[in-house]
Every structure is written in C-alpha cells, then in structure tokens.
Amino acid sequence: MIDERDWAAAAGALAAAGEVAVACHVFPDGDALGSMLGIGLYLRRLGKKVWMGWGSPVLRVPPQYAFLPGLDLIGGDPPPRPGLFLAVDCAQAGRLELLQPSFAAAGTRINLDHHATNDRFGDINVVDPGAASSCELAYELIRWTGGVPDTDEATALYTGIVTDTGRFQYSSTTPATLRAAAELRERGVDHTVVSNEIFESAPFSYLHTLGVVLSRARLEPTDPPGGMVWSWLDLKDLNGTKLDEAEDMINLLRAVREAGVAVLLKETEPGRYKVSMRSRGDVDVSTIAAAFGGGGHARAAGFPAPGGVEETIRAIHAALAVHASA
C-alpha cells in the first residue's frame, strides 16, 4: 500500500511543475508505454511542458502498440535539468539508461512503479507491488490531482492494465484492478481495438517464427522437482517478424502443465540474449531474475542472459536449486 502522504506529495509536485519529463524503461511493454502516455498526455492537457520517452538511442515502439494515442509526441532531446522527472514502471533508476543524468539533475524525482524489486530510488516513491500494473497507479495519481482521463489517456492506461494482467487472467488481478479497468472503459476506451491490436494481430512471418520456437522446446526436470520448459529464438529465425512481436511466445511455453517454470531466450543482438521467465505458482521468478541483474514479478520476470543459450540454462538450473534451498 502507498501512504496517503506519498500520494499527496506526488500530486502536489505534479500540480506545481511547469516542465515535466515522463519516462519509462527501455524496451517498453504495454504497461510502460501506457503509464507514460496516460499521465504524460494528461499533464499536456493541463498546459504543462511535457517530454516523453525512454533511454534508448532510437525510440522504437513495438508494432502491436502502434495504435496508442500520443506516440507522435514522444522523443526529441530530453530536458537536461527538468523541474520534475516522473519515472514510470522502472524498478531501478538504471532502467532509465541514457536518461539517468537527466533524472539525477531533476529538481524533484517521482518513482511510480509496481515491481516488488523496486528500490525506492525517487524523492517521492509511489510504489505498490500489490498493484497489477503501473497504469493502475498512474490512474490513481491522476485522480489524486483531481483529474479525470479523457478517451486517449484512458486508452493508454487501459492498455497497460490489460497487458500486465494477461487480459485479467493473472493472479495479480484484484477487484481494484477490475474497477479501474471498468472506470477507464467508461471514458470511451474501445476494448475491441485494444485487444485485437495487441493479442490478435501479427504478420504471417510470425507463424514461422513461432513454429521454430515451439519445435525447439525442451522439458527438463529441475531441483526441486517441478520441471522447466524452455526454448530460444535467434535473430536469424525472425524471418521478417519484429523481435517485439515475439514477446508473447513465452506465454505459450508457460501453458505446459508438466512445467512449473517456463523460459525463453531471445537474441537481441549477435551473441546476446534477453531471458523471459514465467512461473505457474510455486517459484518466485523475480528472485531468479534479480540474481542476474534483472527483475519483475513473482510470476513474470526477465534479465539479460549471462552467456549463451546452454550456459544460461545451466545457470538458471543452479539458481533454481539455490532458490529452493533458501
């Protein structure tokens, strides 16, 4: 839970700010983009000077989120010393990457996030691991300022809630989550467009890429017993598919009932991989990810691979054994 004093401090800082930088983590997902755009567009509507983006050299939006309003407003040179810097969906300041100097130089720094691994790096921390998404918190912060999202802002916030709850199927979905989604839906969100663009739209090449991942899948015993299903995706396998469009493939591996943990390694550049992990309930994969410099949630987490495919899988097996003995 977030103390009312923190909500009030964050709302007061937003109200007083003339210039605001709103940034999410690199390789943004639906929750990162949704919380950034939702509150960023709201602040622009209030007449504030708002910069939005993330700390990558090139700001590339995953194709499935191309429908989001306000994408034409992101990017450009970030303010070197903003009066207020609002970091959303970042568990650590390091997730801001190239924007860390701007964050450090800001007059006031707000950290809004829902990851259990968040290290409270802001001057004001609006952090609640019990929230299903950062968009829930962004919506609540807007309400604390006395505002109501318009249709564009609500669409962005709804998108983050839908994606981080897996269309409301994950255990993180609470009655408060559903109430927030319903209220945003009442603001004019087209639920069909959101769901179709994110979950039901892919290029034909996606079928080939998915086939490669599934054909490589391996089911292995773990210590403790529970089983792990894993696969990997190399850049040469994409065949026209964007790497971002392969993000949901981990959820198909997660469906294997004989495995308590699912792992997918995706090559992001030659020889370097990003690891996605999912748990069916008994293993807190965020602790595994944290051991390798990553983070996330108990049931969904990720980290940069410490080596190649086989080496990384061996390291995960060892980490699972340590986790079981802790």
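A residue counts as buried when its relative accessible area is under 20%, and this cut-off is the one to keep in mind at the opening stop of a tour through what is a predicted model.

**The two cysteines**

Select cysteine 90, which is buried because its relative accessible area of 0% falls under 20%. Then add cysteine 24, also at 0% relative accessibility and therefore counted as buried. The sulfur of cysteine 24 has that of cysteine 90 as its closest cysteine sulfur, yet the separation is 6.7 Å, so the two are too far apart for a bond. Cysteine 90 is accordingly in no disulfide, and the count of disulfides comes to zero.

**The largest nonpolar core**

Next, select Val22, Met36, Leu37, Met52, Ile110, Val126 and Leu141, which are the residues that touch the most other members within the largest nonpolar core, a set of 52 residues. Colour helix H2, residues 30-45, as well, since the largest share of this core, eight residues, comes from H2. In soluble globular proteins, nonpolar side chains tend to be buried together.

Centre the view on isoleucine 110 and display what surrounds the residue: leaving aside residues up to four places away in sequence, isoleucine 110 touches Ala10, Ala13, Leu14, Leu84, Phe85, Leu86, Ala87, Ile124 and Val126.

From there move to isoleucine 124, which lies in strand E5, residues 124-127, and which counts as buried because its relative accessibility is 12%. With residues up to four places away in sequence again left out, isoleucine 124 touches Asp6, Ala9, Ala10, Ala13, Thr108, Arg109, Ile110 and Asn111. A distance label between the C-alpha atoms of isoleucine 124 and arginine 109 should read 6.4 Å, although the two residues are 15 apart along the chain.

**Strands E1 and E2**

Now show strand E1, residues 19-23, together with E2; they pair in the parallel sense over five bridges. Within this pairing, alanine 23 stands opposite glycine 53 in E2. Strand E2, residues 49-53, is mostly covered, with four of its five residues buried.

**Helix H5 and what covers it**

Select helix H5, residues 151-164, and label the C-alpha atoms at its two ends, which are 20 Å apart; this agrees with the 20 Å that its 14 residues should span at 1.5 Å a residue. How many of the 14 residues of H5 are buried? Twelve of them are, so that H5 can be described as mostly covered by the cut-off of under 20%. Among the buried residues of H5 are Glu153, Tyr158, Ile161 and Asp164. To see what covers the buried residues of H5, turn on the helices around them, including H2, helix H4 (134-144), helix H6 (175-185) and helix H7 (191-199).

**The six-stranded sheet and its helices**

Move on to the open sheet of six strands, whose order is E6-E7-E8-E9-E11-E10 and whose pairing is mixed. Its edge strands, each pairing on one side only, are E6 (218-220) and E10 (295-296). Zoom in on E10 and its partner strand E11, residues 300-304: they pair in the antiparallel sense over two bridges, and here glycine 296 stands opposite alanine 301 in E11.

Two helices can then be added to the view. Helix H11, residues 309-325, packs on the sheet, where it touches E6, E7, E8, strand E9 (272-279) and E11, and its direction makes about 155° with that of E7. Helix H8, residues 205-216, lies across E6, strand E7 (228-233) and strand E8 (261-269), running at about 140° to E7.

**Two residues with positive phi**

Finish in the loops, beginning with phenylalanine 27, whose place is in the loop between E1 and H2. Is phenylalanine 27 buried or exposed? Phenylalanine 27 is exposed, because its relative accessible area of 58% is over 50%. Its phi is positive, about 50°, although phenylalanine 27 is not a glycine.

The last selection is arginine 120, found in the loop between strand E4 (108-113) and E5. Phi of arginine 120 is near 55°, again a positive value in a residue other than glycine. With a relative accessible area of 41%, arginine 120 is partly exposed.

Key. Residues are numbered from 1 along each chain as its sequence is written. This is a predicted model: local features need pLDDT of at least 70, side-chain atom pairs count only at pLDDT 80 or more; totals for chains, interfaces and linings use all residues. Side-chain values use heavy atoms; hydrogens and water are left out. Two strands pair if DSSP finds at least two bridges between them. Contact means heavy atoms within 4.5 Å. Axes are lines fitted to C-alpha atoms, for helices over the stretch in contact, and angles run from 0 to 180 degrees between N-to-C directions. A nonpolar core is a set of buried Ala, Val, Leu, Ile, Met, Phe, Trp, Tyr and Cys residues joined through side-chain atoms within 4.5 Å. Buried means under 20% relative accessible area, exposed over 50%, partly exposed in between (1.4 Å probe, protein chains only). A disulfide is a pair of cysteine sulfur atoms within 2.5 Å. The expected span of a helix is 1.5 Å times one less than its number of residues.
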